[in-house]
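User: I am new to reading protein structures. Could you walk me through this one, with a little reasoning for each answer?

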Amino acid sequence: IGTMYGGEATGWKVGIVHGDLMVASPHAEPPSVDCLVHYLEQLAAGTPPPDRASAELQRLWAKPFCAKGADFAGIDLWKTVRDHFAQDRKVDRIQRVVILADAGMGKTPALFYLRTCTAKNSLNNYRRYLTREEKSETARLNREVFVIPIFLHLADMRTGLHTAELIRDAINANISPEANVDEITVDQVPHLLKDFRCLFLLDDLDELFSAHHRGGIQAISQFMEAHPRQQFVVSCRKPSYRGQLGAVDLLYLDDLTSVQVHDVLTEERYGTLNPFLRQLVQNRAMLNDLLELLEEGSSAEMVVSRGQLLQRRICYRLGRDRTQEPRDRAYVDMVEGVLECLAYSMQRDHTYTYGERQIMEVIQQYLQDWHEPHTWREVASYACHIGMLQQDEMRRWRFCDRSTQAYFAAAAILREPTALQPVLDEASDYWWRELLQVLIGLVSEPEDLLFELIDRDALVAANCIQSVGKAID
């Protein structure tokens, strides 16, 4: 408000704002306790395994997530996070933890696990509180008993939605239409953050490291600083994190133990695995891929590397093993070639997403070069149908997961060896690490590639040796 004479004025003037600006409407109220209790009840049920999941897959989904550190391993993740938050409160600093993990270790399911555990604990505390006579202690209920877990995928920031809208959508997505409670509104979100303690589970921090999201890290940091009473758990791939969030507590996600893998597979199946595969499937994603192959009657006897297991899984999803007609086989070959070209192009551009024009140009160029009588949209839609690609509400395209993109990019290099040189030129860049780990398990003679990597970065070579899947002289 500048200078005025007479009358009344209500308003504000905002200069420069970095990140989000949340304003609580004076007419809005915080979400009702009944609404939040229903939300917690929905989350406490947990994330069920896929429909018609096998007994082995159900046992895998039931395995708890554990954390490890310099002096401990195999400790329940939720307990470890709570201990870190308790230490943060003692020194009056923001309660935030970054969880680091390698590809396929289950960062997103780990956050869902924390969400379920927090929801169960909040409900139990709330119900115990209701049995007491001190029902006037609303502040105590809100802050200490009620912790509201909210899962946000950081890639959704590219949609341009305000953080308050993302929070609203995350809560409303877990409110059953049959429940006799109102969904929350954007105006209620600032009141929610003011009156309740929330646990924000922020997935895939490395999605914000590309040139497309240069302001994303700053926005996340400022959101944390603006809400110091809240709790934050952020997941990120281990090679990508270099202290971008400053002084925070770091935890490492632990792999499955051999005992847990044995329990999932049972003695009969576990005994058929070779030593390399036994080590490989301690990674949750790799074990899930193995179960998918075994469920369809496919053998995994010859699989010894991560690249080979990905190859078997993707060949099955493409229908290559079940395609007999030459015409159908030719179509599958064409789709596979398109996906290889697309994945390599996205890797070269250091991105996991393409806009519609970008994906159209890449696919159309491939179809023209190979004189294929198909449209780019037809091919892209088919790739979505078989679960290779996916499209969001902003019509941006991405592979179903990052490992699939890395596999197809590695397959493109196998078919066109000259495509390897740009990767070798940037071998020390963590962006290429997963691709190299997949590629080293696919080449028939890995020694030549390992010598090339040793010349450029011995640490990268040492990392890739673990993914070869056989003894190296």
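The questions and answers below go from the chain as a whole to its aromatic rings.

User: What is the mean pLDDT of the protein chain?
Analyst: Good place to start, as this is a predicted model. Of the residues, 87% score at least 70. The average pLDDT for the protein chain is 86.

User: Which element of the protein chain has the lowest confidence?
Analyst: Confidence is highest in helix α14 (residues 356-369), with a mean of 96. At the other end of the scale the mean is 53. Where pLDDT is low, the predicted coordinates should not be read in detail. The element with the lowest confidence is α5.

User: How many strands are there in the protein chain?
Analyst: The protein chain has 473 residues, and 50% of them count as buried. Its helices number 20. The count of strands is nine.

User: How many residues apart are F112 and F151?
Analyst: The whole structure holds 12 aromatic pairs. One of them joins F112 and F151, with 4.7 Å from centre to centre and 50 degrees between the planes, a tilted pair. F112 sits in helix α4 (residues 107-130) and F151 in strand β4 (residues 147-153), so the pair links distant parts of the chain. Along the sequence they are 39 residues apart.

User: Is F151 buried or exposed?
Analyst: Its partner F112 has a relative accessible area of 23% and is partly exposed. For F151 the value is 15%, and buried means under 20%. Therefore F151 is buried.

User: Why does the pair of F146 and F196 count as tilted?
Analyst: The ring centres of F146 and F196 are 6.1 Å apart. Stacked needs planes under 30 degrees apart and edge-to-face needs over 60, and the rest are tilted. This pair falls in the rest because the angle between its planes is 45 degrees.

User: What is the relative accessible area of F146?
Analyst: F146 lies in the loop between α5 (138-145) and β4, while F196 lies in the loop between α7 (189-195) and β5 (197-203). F196 counts as buried at 4% relative accessibility. F146 is buried too, and its relative accessible area is 0%.

User: Which residue is linked with F146 and F196 into a cluster?
Analyst: F146 and F196 form an aromatic pair. Ring pairs also bring in another residue to make a cluster, and that residue is Y126.

User: Which residue has its charged end over the ring of F65?
Analyst: Here a charge meets a ring. The charged end is 3.7 Å from the centre of the F65 ring, and it belongs to R284.

Definitions and conventions
Residues are numbered from 1 along each chain as its sequence is written. This is a predicted model: local features need pLDDT of at least 70, side-chain atom pairs count only at pLDDT 80 or more; totals for chains, interfaces and linings use all residues. Side-chain values use heavy atoms; hydrogens and water are left out. Rings of Phe, Tyr and Trp (its six-membered ring) pair if their centres lie within 6.5 Å; planes under 30 degrees apart count as stacked, over 60 as edge-to-face and the rest as tilted. Helices (H or I, at least four residues) and strands (E, at least two) are DSSP runs, numbered from the N terminus. Buried means under 20% relative accessible area, exposed over 50%, partly exposed in between (1.4 Å probe, protein chains only). A charge sits over a ring if NZ of Lys or CZ of Arg is within 6 Å of the ring centre and within 35 degrees of the ring normal. pLDDT is the predictor's confidence in each residue, from 0 to 100.
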